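Student: I've got this chain open and would like to zoom in on one part of it. Could you pick a good starting piece, say what it packs against, and then work outward from there?

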Amino acid sequence: MEYKIINRIFEGEKPKTIFELGCSEGLLIKDYAEKNNIAASGMDMFIEYKEPFLKNHKGKFYLWNAHNVPWPIDEHFDIAFAVGFFTLLASDALPMLKELMHIADKVIIAETHGEGFKDNINIVTFAPVSSSLFPIRVSRDFKHILAKIGVEPKIEQFEDKWII
């Protein structure tokens, strides 16, 4: 099953390696990774997801609770991303976002609204700049995502399209 959300998340990107935080069985990125010959790795805290994830992907599965930083990740990725992960957190998201920045060239955080993975999605892309969190691409309703993870946006005006 292909999810439109993944096409939106990776729009304009050409990663060779990706890492998904809260990957479960890896079904969200399975088709995209196969079609684009991408080595996908992921991390989840539930052991029952390990075997299905490894059947679906060429990369590694890290069995780990994301709240326990630093993470035991021994590789670097073109893009690390999370879909809906930070919506579930009450607090302490910033250390996890910093871990994502440590293991990847870009970090994409996506949060959905409504039922399932519909088109109603907010996306923020970060790139490391002098060890700080710098949003380089945002969707219209991005402010709540940044506030949730403790990053104050410096962008004051934006349109319906991506800001780059």
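Tutor: Let's start with helix 2, whose buried residues pack against helix 1 (4-9), strand 1, strand 2 (39-44) and strand 4. Keep in mind that this is a predicted model. Helix 2 runs over residues 27-35, and its buried residues are Leu28, Ile29, Asp31, Tyr32 and Ala33. As a general point, an α-helix has 3.6 residues a turn, so residues three or four places apart point the same way. You can hold that up against the buried positions Leu28, Ile29, Asp31, Tyr32 and Ala33 as you turn the view.

Ile29 makes a handy anchor within helix 2. Ile29 counts as buried because its relative accessible area is 0%, and the cut-off for buried is under 20%. Setting aside residues up to four places away in sequence, Ile29 touches Ile6, Ile18, Glu20, Ala40, His57 and Phe81. The His57 contact is worth a distance check: Ile29 and His57 sit 28 residues apart in sequence, yet their C-alpha atoms are 9.1 Å apart.

Now go to Phe10, in the loop between helix 1 and strand 1. Despite its loop position, Phe10 counts as buried, with 2% relative accessibility. Beyond its neighbours within four places, Phe10 is in contact with Pro15, Ile18, Tyr32, Ile79, Phe81 and Ile108. Tyr32 in that set is one of the buried residues of helix 2, while Ile18 and Phe81 also turn up among the contacts of Ile29. Phe10 and Ile108 are separated by 98 residues in sequence, with 8.6 Å from C-alpha to C-alpha.

The ends of helix 2 deserve a look too. In the loop between strand 1 and helix 2 you find Ser24, which has a positive phi of about 50 degrees although it is not a glycine. Ser24 is partly exposed, at 27% relative accessible area. Just after helix 2 comes Asn37, again with a positive phi of about 50 degrees. Asn37 is in the loop between helix 2 and strand 2. At 55% relative accessibility, Asn37 counts as exposed, because the cut-off for exposed is over 50%. If backbone outliers interest you, there is also a cis peptide bond from Val69 to Pro70, with omega near 5 degrees. Pro70 belongs to the loop between strand 3 and strand 4.

Next, the hydrophobic packing. In soluble globular proteins, nonpolar side chains tend to be buried together. The largest nonpolar core here has 21 residues, and Phe19, Leu21, Trp71, Phe86 and Leu100 have the most contacts inside it. Two or more residues of this core come from each of strand 1 (17-21), strand 4 (77-83), helix 4 (93-103) and strand 5 (104-112). Helix 4 is the biggest contributor, giving six residues. Separate from this core is another one of 16 residues, including Ile6, Ala33, Ile79 and Val83. Ala33 brings us back to helix 2, where it is buried, and Ile6 is a contact of Ile29.

Back in the 21-residue core, Phe19 is one of the residues with the most contacts inside it. The contacts of Phe19, leaving out residues up to four places away, include Ser41, Met43, Tyr62, Trp71, Ile73, Phe77, Leu100 and Ile103. Ile79 is on the contact list of Phe19 as well, and Ile79 is a member of the 16-residue core.

If you're thinking about empty space, the largest pocket holds about 190 Å³. Its lining comprises 13 residues, with Gly22, Asp44, Met45, Phe46 and Phe85 nearest the centre. Sorted by class, that lining has eight nonpolar, four polar and one charged residues.

Zooming out, the chain has five helices and seven strands, arranged along the sequence as α-β-α-β-α-β-β-α-β-β-β-α. Of the 164 residues, 44% count as buried.

Finally, check confidence before you build on any of this. The mean pLDDT of the chain is 76, and 63% of the residues score at least 70. Among the elements, strand 3 (residues 61-63) has the highest mean, 97, and strand 7 (residues 132-138) the lowest, 52. Residues 154-164 have pLDDT below 50, although this stretch has 22 contacts in the model beyond near neighbours in sequence.

Technical notes. Residues numbered from 1 in each chain as written. Predicted model: local features only at pLDDT ≥ 70, side-chain atom pairs only at ≥ 80, totals over all residues. Heavy atoms only, no water. Core = buried A, V, L, I, M, F, W, Y, C linked by side-chain atoms within 4.5 Å. Buried < 20%, exposed > 50% of the residue type's maximum accessible area, 1.4 Å probe, protein only. Helix = DSSP H or I, 4+ residues; strand = E, 2+ residues; numbered from the N terminus. Contact = heavy atoms within 4.5 Å. 1 Å grid on protein atoms, 1.4 Å probe; cavity = no way out; pocket = protein on both sides within 12 Å on 5 of 7 lines; lining within 4 Å. Points joined across faces, edges and corners; volume = space filled by probe spheres on them. Nonpolar A, V, L, I, M, F, W, Y, C, P; charged D, E, K, R; others polar. pLDDT = per-residue confidence, 0-100.
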